[in-house]
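I opened my notebook and picked a few strands, a helix pair and the nonpolar cores to look up. Here is what I wrote down.

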Amino acid sequence: MKVWNVAVVIAMIVPYSLSTRLGLDNNVRNFSLVSRTISELLSDAAYRTIHFLKFNNDVSDLLMSNIVFDYNGPVEIYTGNYGKADAAVMIANSNSLESILTDVLKEISFLILTVNVFNQMEILPIIISKLRTTKIDRITVVSFDSEGAVVNISTLFRHKTNNCENSNMHTTTSQTLQDSESHVKKVSAERSKTDFQGCVMDVGVVLMAPFTIIEQNGHDLQYSGIEVEMIRVLGEHFNFKIRFVHPPNGTKWGNLHKNGSTGLMAMLQRGRVDFAIGSIARTLTRNTLLKGGVGNFYDQIIFGVPPGIPYTPLKQLARPVTTNGWIFIIVTCIAVSILFSIDIDRYLCVINLEKCKTSFTDVWSILLGGVMNNPPTEVFGRYLLTGWLWATLVYRTAYQAILFGHLRRGVEFKPILTLEDTFEAGVQYYMYNIAQRFFVRNPRILMRSVIVEDNASLQNILADIAENKLMAAFPLPRSIIDYFNNQRLFKPKIHISRYVIESFESAIHYPIDSFLAALFDDMVLRIRAVGLHEYWTRQHRQTIVDNSVQHKELKLQNLLGAFMIHGVLCGFSCIIFLIELNISKADHFLKNK
């Protein structure tokens, strides 16, 4: 990519003569108004440092002092320590004009130039021709007549991308000094009216629905998604066409380094695309080696997990009652069996376990719907039995209803909700290479991580997780999982853990020296302000009527736990029967002997 600095040249042309110098004290107010206008032009964009270069004349001193007084920001005076994000204010004579333009302007990004000539229209073409070889994209020439208090301002916008160059001149002449400050607002507005005249911009893109959705339509690819809709609005506003470019070899974001970057990051770093989209989060490395725009979408990184840990047949039977519930029922049965052993006579009430005909086994049998062979004959025992029958009827009915509901709905898994649940379930942690940065302080996850290749199908992996074929947790933005679930009508859905890994903002990313970030950021903020982002998000997260949770036909496998318990009890009774049989034979043999 042919890279230009985002820069502005403001050339201030001052009629300079002996009479001007002698009458300088009478024109302090006019110089103050001009310096205020220049300060406003400087504040039109953010610059790291403003450098002042002095060329030993009284006009330089006066304008410099006024501009420094009006400008709020860091300044340096003729240090020569220029940076790409710096601006400079130069006040020079016409003899040094050529050397300034050729030697200095190649190193800075913003210039205010004051030249002692009378005719702006003569010097403007000279300045423009000299600046053609630089990477500056905005030139503002300011000339004024200090005696007549008239100012002329000309602004040239120059934008260059991979495929086209655009120039746009805006000129305002013969304004009074008092009205010159209003031109600054017009200059700012003019930046948003930049017209690329239909040129084509190369946009790097990776598939990451719902941010970027790529669908095959015959031999062509159709693009949609939240970020795709956003850049289409930008293209319509700035009048440029879009050509989507995919990273080579089916890669996605790739790795970003000073040298040896891969994937979409390499395309940006080497200037092969004008900018890139595809849920690109802002990170320290990307902000250092690339240029990130303002955040256009905010989301959370969470784990997409399977429906849960499969329940065993016995756990399915125990599910309607919690552990504390089972403890309460057992304790209640013990208490009721003790109450049945109370022996009440005329004088005192005592517990007589030997006279008790109702044991814990009888109480438990009633709870399960069985019968009592020897019902109590006392009034207290009969009332106690009646109360226990009513209580067990309620317990038993509630248990059966809940169990029946679980079996009919096909609830067969213990949900994975927290990070500890993922450890308990023994899942593996599938992730893209760039996601490892989230878990540098959690080696338990990194030890069980599986790095997914960029060219692997994310949809297939998520489908296997949703159908419980792959016991894995996948860290992804919540929006991606929501979109995936909305597309799976009448199919199992991938579940979301409650553990939030990180909140992040995605942004358009540009090559480090691109001017497009400063141009597009204001429009992106306006798009967010009017609610278009929310509208596109709702479109891709729209609620879909899904009756995938349907009643299941009860099968024998749903009652496998009950059959297992029945089989164990039958086997236990057979063993007891054989033991009793052998004992009676042995007893009979000993008696006959």
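**Entry 1: strand S21 and its partners.** I began with strand S19, residues 428-431. S19 pairs with S21 in the parallel sense, over two bridges. I looked for a facing pair and found tyrosine 429 opposite alanine 473 in S21. I noted that I was working on a predicted model.

Next I turned to strand S14, residues 291-305. S14 also pairs with S21, but in the antiparallel sense. I counted four bridges there. Isoleucine 302 stands opposite leucine 476 in S21.

Then I asked myself: is S21 mostly covered or mostly open? S21 spans residues 472-477, and six of its six residues are buried. I wrote "mostly covered" beside the strand.

**Entry 2: from S14 to S22.** I followed S14 to strand S22, residues 495-510. How many bridges join S14 and S22? I found 11, and the sense is antiparallel. One facing pair is isoleucine 301 and glutamate 502, with the glutamate in S22.

**Entry 3: the nonpolar cores.** I looked up the largest nonpolar core and found 62 residues in it. Which members touch the most other members? My list reads Phe196, Ile231, Leu234, Phe275, Phe474, Leu516 and Phe520. Helix H18 gives this core its largest share, seven residues. I also checked the domains. Domain 2 (197-296 + 507-554) and domain 4 (412-501) each supply at least three residues.

There is a second, separate core of 17 residues. Among its members I noted Ile301, Ala425, Ala473 and Phe504. I had met two of these names already: Ile301 faces glutamate 502 in S22, and Ala473 faces tyrosine 429.

**Entry 4: helix H18 against H19.** I ended with the helix pair. H18 covers residues 516-529, and H19 covers residues 532-540. They pack at an angle of about 65 degrees. Their axes are 5 Å apart.

Which residues make the contact? From H18 I listed Val524, Ile527 and Arg528. From H19 I listed Leu532, His533 and Trp536. Sorted by class, the contact has four nonpolar residues, one polar and one charged.

Notes: Residues numbered from 1 in each chain as written. Predicted model: local features only at pLDDT ≥ 70, side-chain atom pairs only at ≥ 80, totals over all residues. Heavy atoms only, no water. Axes fitted to C-alpha atoms, helices over the stretch in contact; angles between N-to-C directions. Contact = heavy atoms within 4.5 Å. Nonpolar A, V, L, I, M, F, W, Y, C, P; charged D, E, K, R; others polar. Buried < 20%, exposed > 50% of the residue type's maximum accessible area, 1.4 Å probe, protein only. Pairing = 2+ DSSP bridges. Core = buried A, V, L, I, M, F, W, Y, C linked by side-chain atoms within 4.5 Å. Domains from an automatic or database assignment.
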